[in-house]
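Trainee: I have a new structure to look at. Can we go through it together?
Mentor: Yes, put it up and ask as you go.

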Amino acid sequence: MRIHCPYCGTRGVEEFTYLGDATVRRPDPDAPEAAWVDYVYLRDNPAGPHPEYWYHAAGCHGWLVVVRDTRTHEIFSVRTASGGAEA
Amino acid sequence: MSSDRYSFLSVLREALRGQTGWKPAWRKADPQESYDVVIVGGGGHGLATAYYLARRYGIRRVAVVEKSWLGNGNIGRNTTIVRSNYLLAGNVPFYECSMKLWEGLEQDINYNAMVSQRGVLNLFHNDGQRNAYTRRGNAMRLHGVDAQLLDAAAVRRKLPFLDFDNARFPIQGGLLQQRGGTVRHDAVAWGYARAADRLGVDIIENCEVTGMRITDGRVEGVETTRGFIGAKKVGLACAGNSSRVAALAGLRLPIESHVLQAFVTEGLKPFIDCVVTFGAGHFYISQSDKGGLVFGGDIDGYNSYAQRGNMPVVEDVCEGGMALMPRIGRVRMLRQWGGLMDMSMDGSPIIDRTPVDQLYLNAGWCYGGFKATPASGLCFAHLLARDEPHPVATAYRLDRFARGAVIDEKGMGAQPNLH
Ligand SMILES: Cc1cc2nc3c(=O)[nH]c(=O)nc-3n(C[C@H](O)[C@H](O)[C@H](O)COP(=O)(O)OP(=O)(O)OC[C@H]3O[C@@H](n4cnc5c(N)ncnc54)[C@H](O)[C@@H]3O)c2cc1C
Ligand SMILES: [Zn+2]
């Protein structure tokens with residue numbers, strides 16, 4: 001698997017570190033406990049396109065949001081997590 | 001005694017009859033209209049559950065519904081290691097229960113599963129690791145589980161060819177559980193399937209569950225590619241696909257699916273007589289009875305439903321192997337494959353009711369559910385039959401995450417790829 005970093009170009013997956021589901025959002029500090037349980041522990045874990053965080057540890061040190069098919073490893077899009085550059 | 005019992009006499013009789021009298025190990029059952037219990041997933045855990053339901057709890061109107069053929073899931077893809085060398089109180093009694101069931105399994109189900117208590121040796125390479133393993137060994141012994149701390153000389157007598165004086169990772173000793181070892185993985189599926197079938201359980205292969213019929217918060221059966229099957233109770237034992245199947249009932253689980261790879265080399269003369277794990281990298285190895293070296297390492301580390309992995313992990317595992325036992329460097333790799341792990345948020349499993357009435361969940365086995373197969377089946381059967389957790393599985397509750405009662409052996413937090 002190779003990931004196309006907007007800054008560094010196409011690089012092997014061994015250069016990146018995986019964090020996980022990029023759709024989860026930290027709830028409001030005084031949101032009910034259930035919202036926090038959901039945020040910390042529960043995941044959709046889809047078989048198909050999955051937006052996920054990758055960190056380019058051996059490259060630009062940027063956090064990326066990669067949309068990848070979890071059944072085939074096909075990558076549909078890559079952008080920086082801050083929303084700037086798109087590959 | 002039924003005539004199709006496997007024994008020395010039956011082998012002799014069939015030898016004289018030209019092997020014409022053997023029956024298929026299990027019937028190819030067609031789905032009936034309804035059952036008392038439908039188990040989704042014909043892996044080790046689903047089949048063991050069905051067997052213990054029929055055998056120990058007297059519930060025989062049971063179906064196991066499997067989307068593929070029996071043994072295509074992780075039960076036929078794992079590296080066959082069994083052990084009960086856990087640290088935490090929620091885990092040790094459960095895995096020790098499993099170990100005891102392994103010890104009597106073949107007599108119980110009348111099937112040769114090649115249970116081999118050849119020992120599991122976890123190596124350590126520095127003082128910190130020695131302390132951690134000492135503590136683990138003590139925790140095991142306090143629970144009545146066997147554990148032995150070996151020094152470097154004792155390990156050297158056992159496995160003289162390891163790279164003891166490696167400059168970075170010298171081997172200082174290891175924690176040995178002699179009762180651990182290996183079990184022929186697919187024979188476990190076949191053996192439980194045969195034993196359950198003989199007790200009247202229907203094993204329905206090539207039948208995928210595609211939906212759940214739920215009325216007023218209560219499950220009434222499953223929609224499948226072979227039609228609707230009614231059930232008083234439904235038990236999910238879908239390993240790497242747990243999230244997908246639970247989603248059919250509107251549930252979200254504290255689980256991510258990840259891929260784990262395994263490797264087998266060409267056959268060699270016997271030289272590794274136990275399971276060995278490298279303490280300074282991701283590598284473990286044993287030698288199968290055919291002579292092939294069976295080894296593996298870490299999960300690939302990202303969500304995956306592809307039953308295949310990526311090259312960097314192959315490289316990492318092989319590097320670990322070379323660091324530990326350089327002599328395997330010239331051995332050729334024959335096969336390599338991947339399986340889907342249901343990695344839970346604390347690295348421990350779930351055997352519990354769900355918010356849907358009469359729907360039960362068995363999931364979150366991560367990369368270590370093979371050793372759990374007998375106890376998982378027993379405890380899940382207990383829960384399905386009695387509606388209360390088995391005494392050795394009381395910690396495996398689904399609500400433990402919300403309660404903060406996680407069972408995190410490695411202390412990694414809610415990050416599935418680190419467990
Ligand atoms: C490479 C590798 C090495 C491993 N090594 C070890 C080891 O050494 N020791 C150890 O203890 N554990 C090991 N494991 C983990 C162990 O194999 C699993 O935790 C365990 O097998 C999971 O339980 P199971 O046998 O029931 O799973 P499976 O055999 O995967 O059973 C689940 C079944 O559910 C079926 N299913 C899924 N969705 C549906 C549906 N919609 N309808 C019907 N059926 C469905 C699947 O087809 C599958 O057959 C390893 C795993 C892998 C992949
Ligand atoms: Zn980069």
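Trainee: How many aromatic pairs does the structure hold over all chains?
Mentor: There are 22 over all chains. Rings of Phe, Tyr and Trp (its six-membered ring) pair if their centres lie within 6.5 Å; planes under 30 degrees apart are stacked, over 60 edge-to-face, and the rest tilted. Note that this is a predicted model: local features need pLDDT of at least 70, side-chain atom pairs count only at pLDDT 80 or more, and totals for chains, interfaces and linings use all residues. Residues are numbered from 1 along each chain as its sequence is written, chains are lettered from A and ligands numbered from 1 in the order in which they are written, and side-chain values use heavy atoms, with hydrogens and water left out.

Trainee: Take Tyr6(B) and Trp22(B). Why is the pair edge-to-face?
Mentor: Their planes are at 80°, with the ring centres 5.8 Å apart, so the pair counts as edge-to-face.

Trainee: And where do Tyr6(B) and Trp22(B) lie?
Mentor: Tyr6(B) is in the segment before helix H1 (8-16) of chain B, and Trp22(B) is in the loop between H1 and strand S1 (34-40), so the pair ties together parts 16 residues apart in sequence. Helices (H or I, at least four residues) and strands (E, at least two) are DSSP runs, numbered from the N terminus.

Trainee: Which residues form the aromatic cluster?
Mentor: Tyr86(B), Phe94(B), Tyr95(B), Trp365(B) and Tyr396(B) form one.

Trainee: Changing topic: how many residues of chain B are in contact with chain A?
Mentor: 25 residues of chain B touch 23 of chain A, where contact means heavy atoms within 4.5 Å.

Trainee: What is the count of salt bridges between chain B and chain A?
Mentor: Two. The rule asks for a side-chain nitrogen of Lys or Arg within 4 Å of a carboxyl oxygen of Asp or Glu. One of them joins Arg252(B) and Asp44(A), at 2.7 Å from N to O.

Trainee: Last thing, the backbone. What is phi of Asp387(B)?
Mentor: About 65°, a positive value, although Asp387(B) is not a glycine. Most residues other than glycine have a negative phi.

Trainee: Where is Asp387(B), and how accessible?
Mentor: Asp387(B) sits in the loop between helix H9 (373-386) and H10 of chain B. At 32% relative accessibility, Asp387(B) is partly exposed; buried means under 20% relative accessible area, exposed over 50%, and partly exposed in between (1.4 Å probe, protein chains only).

Trainee: What about His61(A)?
Mentor: His61(A) also has a positive phi, near 65°, and lies in the loop between strand S4 (49-55) and strand S5 (63-69) of chain A.
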